[in-house]
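Q: I would like to learn how to read a structure one feature at a time, with the general idea set out before the particular case. Could we begin with burial and exposure?

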Amino acid sequence: MAVVWWIVAFFVIIVAAALTQQGRAILRLIYMKVYAYILSRIAKSYNKKMTPFKEKLFEDLKTHPAAVTGSLTVLEIGVGAGANFKFYPPGTSVIAVDPNPEFDKYLLKNAAEFGEVKLREFVIASGENMAGVADHSVDAVVCTLVMCSVADQPKVLSEIKRVLKPGGKFYYMEHVHGTPGTWVYTKQNWLDIIWPYLSDGCTLRSELWTHLDAAGFSEVDYQKFDAPLKMSLIEPHLMGTATK
Ligand SMILES: C[S@@+](CC[C@H](N)C(=O)[O-])C[C@H]1O[C@@H](n2cnc3c(N)ncnc32)[C@H](O)[C@@H]1O
């Protein structure tokens, strides 16, 4: 019975805090801290299962002329805890973008662990507005498990095109909406009513490929596949590249 009272008290405190502006700011800060902690853990187990796919995705970064001279610049949007650092060629300089500043300690830890990759800058911003990053300034842009959370995918894609050097590539690996008519697709439609509230705005119904095709890249190349995650809702995946 005591547990019930603790749960009731917890919700009363949350609702009371949400009634004031300061309370909402504190709740948001706690949410961001907890989310960063949980995500840094999930990223490790996701990487374990997805390493072969990520190695394939980032394979051609190694042969990029700038990587050969150790001067490759990668902009990673929604960098989180820096789960992709281990896949970048030695000497890569990373500009990390994320709206959640609470990832900083996990990011720095990962940057230290993969010392041959340099964390050049951590920009606290959303992918929709990366005004702090100059036009035509980066060799590659990376997003993994991010486009499901952004509010405006076309805007992020236009920002990616703006910051990429001519011929630069956008690399992505994202969970997406499944195939119409399947049980997974139906479950995604039902659960997407609450899913964004539990996962920082993430949708289960991202159809990123439609925006990629319309974004005006010179070449778009992707494959759809089921990721071996043992969680059917986020198994439908899209990975590929888009060239400026
Ligand atoms: C599921 S996590 C993925 C983190 C990391 N990319 C990975 O693969 O482990 C989603 C990330 O996207 C970030 N994010 C959410 N909305 C964003 C936006 N509008 N622009 C850029 N990043 C965003 C979150 O703060 C979080 O770091």
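A: Let us take G201 as the opening case, in what is a predicted model. A residue counts as exposed if 12 or fewer other C-beta atoms lie within 10 Å of its own, and because G201 has 12 C-beta neighbours inside 10 Å, G201 counts as exposed. The place of this residue is the loop between α7 and α8.

Q: Which residues is G201 in contact with, once its neighbours within four places in sequence are left aside?

A: Those contacts are S149 and P196. The first of these pairs shows how the fold can bring together parts of a chain, since G201 and S149 stand 52 residues apart along the chain while their C-alpha atoms are separated by 5.3 Å.

Q: How should I read a separation that goes the other way, and how far apart in space are D98 and A67?

A: Sequence separation and spatial distance are best read side by side; D98 and A67 are 31 residues apart in sequence, and their C-alpha atoms are 24 Å apart in space. D98 itself is found in the loop between β2 (93–97) and α4 (104–113).

Q: Is D98 buried or exposed, and what does it touch?

A: The threshold for burial is 20 or more C-beta neighbours, so D98, with 24 of them inside 10 Å, counts as buried. Beyond its neighbours within four places in sequence, D98 is in contact with G78, V79, G80, F103 and I124.

Q: Which residues are closest to the ligand?

A: The ligand is surrounded by 20 residues, and the closest are A43, G78, G80, S126 and G127. Sorted by class, this shell holds 11 nonpolar, seven polar and two charged residues.

Q: How do I read a nonpolar core, and which of its members touch the most others here?

A: The general idea is that, in soluble globular proteins, nonpolar side chains tend to be buried together. Here the largest nonpolar core has 52 residues, and those touching the most other members are V74, L75, V94, V138, V141 and M147. L75 can serve as an example: not counting residues up to four places away in sequence, L75 touches I95, V97, V133, V138, V141 and V163.

Q: What does the UniProt record place over residues 75–171?

A: An unreviewed UniProt entry carries the annotation "domain: Methyltransferase type" over that span. In the model, residues 75–171 are 22% helix and 30% strand, and the end C-alpha atoms lie 10 Å apart.

Q: How do I read strand pairing, and how many bridges join β5 to β7?

A: One looks for the bridges between two strands and for their relative direction. Seven bridges join β5 (residues 164–175) to β7 (residues 236–243), and these two strands run antiparallel; within this pairing, K169 stands opposite T243. Strand β6 (residues 219–226) is also antiparallel to β7, to which eight bridges join it, and E219 has T243 as its bridge partner.

Q: What should I make of a positive phi, and where does L145 lie?

A: As background, most residues other than glycine have a negative phi. L145 is not a glycine, yet has a positive phi of about 55°, and it lies in the loop between β4 (138–144) and α5 (153–163). L145 counts as buried because it has 21 C-beta neighbours inside 10 Å. D200, likewise not a glycine, has a positive phi of about 55° and lies in the loop between α7 (195–198) and α8 (208–214). With 15 other C-beta atoms within 10 Å, D200 is partly exposed.

Notes
Residues numbered from 1 in each chain as written. Predicted model: local features only at pLDDT ≥ 70, side-chain atom pairs only at ≥ 80, totals over all residues. Core = buried A, V, L, I, M, F, W, Y, C linked by C-beta atoms within 7 Å. Contact = placed C-beta atoms within 7 Å. UniProt positions renumbered as here; feature names shortened; annotations may be inferred. Helix = DSSP H or I, 4+ residues; strand = E, 2+ residues; numbered from the N terminus. Near = placed C-beta within 6 Å. Nonpolar A, V, L, I, M, F, W, Y, C, P; charged D, E, K, R; others polar. Pairing = 2+ DSSP bridges.
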